Amino acid sequence: MKPTHIEHLGIAVKSLDEAIPVWEKMLGTKCYSIEEVTEQKVKTAFFKIGQTKIELLEATAEDSPIAKFIENKGTGVHHVALAVEDLQGSLNEAAELGIQLIDKTPRKGAEGLNIGFLHPKSTGGVLTELCSE
Ligand code: ZN
């Protein structure tokens, strides 16, 4: 798969309105984008730190994956996103390595990126997102 860098860290929060000012203070930088991804029932807020980003995720529905995550594990780090050059090739490679895929083919994520998730059962409990432009 050969990821080039950590594209972003996804963090589950209960409320963007509450979390954004906290992270703005902590990072010393303003949130530069708020975007709703209706397909995933989340609203996201992004911060840039060098070439890495922090993605805050708020559920927009009770059956949102983020709502379920917070119910089970509480708020906090939700996923790690690795940038890859060839997303479909990387998903195929992961499958060949015996890693269980959530997405066999890329789908659209926030920030206009193409994304695909690897199942945390195969990655030591870390939900891992592969993404490419
Ligand atoms: Zn993400």
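## Salt bridges around Lys53 and Lys41

Lys53 is buried, at a relative accessible area of 11% (buried means under 20%, exposed over 50%, partly exposed in between; 1.4 Å probe, protein chains only). This is a predicted model: local features need pLDDT of at least 70, side-chain atom pairs count only at pLDDT 80 or more, and totals for chains, interfaces and linings use all residues. Residues are numbered from 1 along each chain as its sequence is written, and side-chain values use heavy atoms, with hydrogens and water left out.

**Exercise 1.** Find what links Glu7, Lys53 and Glu111.

*Solution.*
1. Apply the rule: a salt bridge is a side-chain nitrogen of Lys or Arg within 4 Å of a carboxyl oxygen of Asp or Glu.
2. Glu7 and Lys53 satisfy it at 2.8 Å, N to O. Glu7 sits in strand β1 (residues 5–12) and Lys53 in strand β4 (residues 52–59), so the bridge ties together parts 46 residues apart in sequence. Strands are DSSP runs of E, at least two residues; helices are runs of H or I, at least four; both are numbered from the N terminus.
3. Glu111 and Lys53 satisfy it at 2.9 Å between the closest N and O atoms.
4. Glu111 is partly exposed, at 25% relative accessibility.
5. Result: the three residues form a network of salt bridges.

**Exercise 2.** Characterise the salt bridge of Asp63 with Lys41.

*Solution.*
1. The closest N and O atoms are 2.8 Å apart.
2. Asp63 lies in the loop between β4 and α2 (65–73), Lys41 in the loop between β2 (33–37) and β3 (42–49); they are 22 residues apart.
3. Asp63 is partly exposed at 42% relative accessible area. Lys41 is partly exposed at 30%.

**Exercise 3.** How many salt bridges does the rule give?

*Solution.* The count is five.
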